Each structure stands twice: as C-alpha cells, then as structure tokens.
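Me: I should like to learn how to read a few local features of a protein model. Could we begin once the model is on the screen?

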Amino acid sequence: METDTRYSASAADSRSAKAGADAIVPHMKILVIEDDLEAAAYMTKAFREAGIVVDHASDGESGLFMGTENSYDVMVIDRMLPRRDGLSVISELRKRGINAPVLILSALGQVDDRVTGLRAGGDDYLPKPYAFSELLARVEVLGRRKGTPEQDMVYRVGDLELDRLSHEVKRAGKEVLLQPREFRLLEYLMKNAGQVVTRTMLLENVWDYHFDPQTNVIDVHVSRLRSKIEKDFEKPLLKTIRGAGYMIKDEG
C-alpha cells in the first residue's frame with residue numbers, strides 16, 4: 001500500500017457499477033494485484049456485481065505467478081507491492097509473452113510517474129484516489145482493446161449458436177431465451193465444446209465462488225438449460241458424463 005489515498009467509494013458509485021454491467025465485455029476475467037486488503041475487497045465485490053470474474057493476489061510474487069499461469073482479459077496492478085513491485089511484475093509478464101492489457105493503480109500521479117508506468121508495459125494508468133465507476137470503465141475499454149477474434153465472438157456447436165456480443169442464442173435459427181446465469185453456463189460449455197467440464201470448473205468460472213462441488217445448484221441449472229436448448233429438437237447436444245461433469249458436443 002502506497003499512501004493513505006486509496007479509492008473513492010459511494011452508494012452512487014456502486015449503483016453506477018451495477019448499471020454498467022451490461023456494457024462489460026462478455027465473460028470477462030481479470031486479475032487484481034493489490035496489497036491493501038480493504039481496497040481489494042471493495043474492488044473484488046464491485047467487479048463481481050458488474051458480472052466480472054475476479055482473481056486477487058496480495059503481493060507481487062503471487063500476482064506474477066497467477067498472471068503467468070492463468071489467462072486474463074485485463075490485469076489491475078497496484079504500483080507499490082510487497083515482495084515484488086508492480087512495475088517489475090509488469091515487465092516480467094511482458095518478457096514471458098503475457099500480453100493481457102494492464103491498468104496500473106498508483107498514488108504517484110505525476111506525468112513522469114505515468115510515463116514510467118506505461119514504458120514498463122502498462123496500457124493505462126489511474127492515479128489514486130479514484131472512483132470505482134472510472135476504474136470499471138477503463139477496465140471495460142482495455143478488455144475491448146484486447147479483443148477477441150471476430151470468429152470467436154460467436155460459438156457454434158452443431159445448429160446451436162451463441163453470440164457473445166448480442167447475448168443471443170439460437171438453435172436451427174430459432175431464438176432460445178436464457179436467463180443470465182444460463183447464458184454464462186452455456187457460454188462456458190460451448191467455449192470448451194468437446195471437452196469434459198467438471199462441476200468445480202463451472203463453480204469457479206460461471207458462479208465465481210467455491211463450495212461443495214456436490215451441491216445440486218449446477219444440476220438444476222444444467223437441467224433447465226438442457227430443456228431450453230434441446231426441447232423440440234431431435235439431436236441432443238448437452239451430455240452428462242457420469243462421475244466427471246458435462247460436455248456439449250455435436251455428434252454429427
């Protein structure tokens with residue numbers, strides 16, 4: 001933690017974060033590297049309320065490891081961190097070929113400080129204190145800047161099609177109406193089409209929290225999803241792999 005200046009949080013700020021959830025890049029996953037646990041808890045909660053999957057590291061070494069071992073759409077990195085400073089983390093990530101956009105948070109807000117951060121490999125620089133609504137907007141912009149190849153914005157399995165931008169799902173040209181959680185569930189399954197997706201994977205990537213993988217919350221949602229995408233269609237696509245998880249696949 002650099003100084004007493006951290007972030008500016010308010011009820012209005014929180015409301016604006018929720019209101020902006022629909023604008024977020026679909027299924028965005030970010031890494032927050034911040035040693036101020038209070039600030040990190042606030043950010044994590046607000047990002048998740050905006051529909052973003054968030055991982056958190058509280059020091060530079062842990063953040064470097066997580067940033068190297070996992071794939072993120074955006075990384076939010078505090079400049080002054082224990083064990084390894086933020087700029088060093090960014091430089092090392094770039095050396096290792098990790099090109100995810102990075103937003104630097106810092107109480108050092110002078111022009112020279114911002115230039116140093118950008119030259120170290122950062123893509124944006126937000127001085128403290130900041131409003132979360134601005135942080136959210138900047139993360140969204142960076143996520144879109146990273147982009148996803150156009151062909152990957154639409155997932156297809158057989159005659160089932162999911163558009164990640166418009167949030168539309170169609171099967172054989174017929175629109176399928178899904179609830180937000182059902183959409184995220186189908187999106188993750190189609191992203192991993194042809195592969196077994198375990199309950200633990202779904203909990204961590206669709207629900208974004210950890211609890212007993214034997215809970216029936218996943219089975220309930222899968223059952224509802226299956227009824228919507230397979231009703232009135234002869235060919236089943238969503239399979240239950242006994243003892244393992246689920247798989248969506250077109251058998252041809």
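The dialogue below takes up aromatic pairs, an annotated residue and a tryptophan.

Reply: Please note at the outset that this is a predicted model.

Me: How is a pair of aromatic rings described?

Reply: Two quantities serve for this: the distance of the centres and the angle of the planes. In this structure the count comes to two aromatic pairs. One is formed by Tyr-42 and Phe-132, with 5.8 Å centre to centre and 85 degrees between the planes, an edge-to-face arrangement.

Me: Where along the chain do Tyr-42 and Phe-132 lie?

Reply: Tyr-42 belongs to helix H2 (residues 37-49) and Phe-132 to helix H6 (residues 132-146). The two residues are 90 residues apart, and their pair links distant parts of the chain.

Me: Why is the pair of Phe-47 and Phe-132 edge-to-face?

Reply: Planes over 60 degrees apart count as edge-to-face. The planes of Phe-47 and Phe-132 stand at 65 degrees, with the ring centres 4.9 Å apart, so this pair is edge-to-face. Phe-47 is in helix H2 and Phe-132 in helix H6, so the pair ties together parts that are 85 residues apart in sequence. Tyr-42, Phe-47 and Phe-132 form one aromatic cluster.

Me: Are Phe-47 and Phe-132 buried or exposed?

Reply: The cut-off for buried is under 20% relative accessible area. Phe-47 has a relative accessibility of 0% and therefore counts as buried. Phe-132 is buried as well, because its relative accessible area is 0%.

Me: Which residue does the UniProt annotation "modified residue: 4-aspartylphosphate" cover?

Reply: According to the unreviewed UniProt entry, that annotation covers Asp-78. In the model, Asp-78 lies in strand S3 (residues 74-78). Asp-78 has a relative accessible area of 0%, so this residue is buried.

Me: What is the relative accessibility of Trp-207, and in which helix does Trp-207 lie?

Reply: Trp-207 lies in helix H8, which spans residues 199-207. Its relative accessibility is 6%, and Trp-207 therefore counts as buried.

Me: Which residues is Trp-207 in contact with, leaving aside its neighbours within four places in sequence?

Reply: With those neighbours left aside, the contacts of Trp-207 are Arg-181, Leu-185, Leu-202, Val-217, Ile-218 and His-221. As for C-alpha atoms, those of Trp-207 and Val-53 are separated by 8.6 Å, while the two residues are 154 residues apart along the chain.

How values were computed:
Residues numbered from 1 in each chain as written. Predicted model: local features only at pLDDT ≥ 70, side-chain atom pairs only at ≥ 80, totals over all residues. Heavy atoms only, no water. Helix = DSSP H or I, 4+ residues; strand = E, 2+ residues; numbered from the N terminus. Buried < 20%, exposed > 50% of the residue type's maximum accessible area, 1.4 Å probe, protein only. Contact = heavy atoms within 4.5 Å. Phe/Tyr/Trp six-rings, centres within 6.5 Å; stacked < 30°, edge-to-face > 60°. UniProt positions renumbered as here; feature names shortened; annotations may be inferred.
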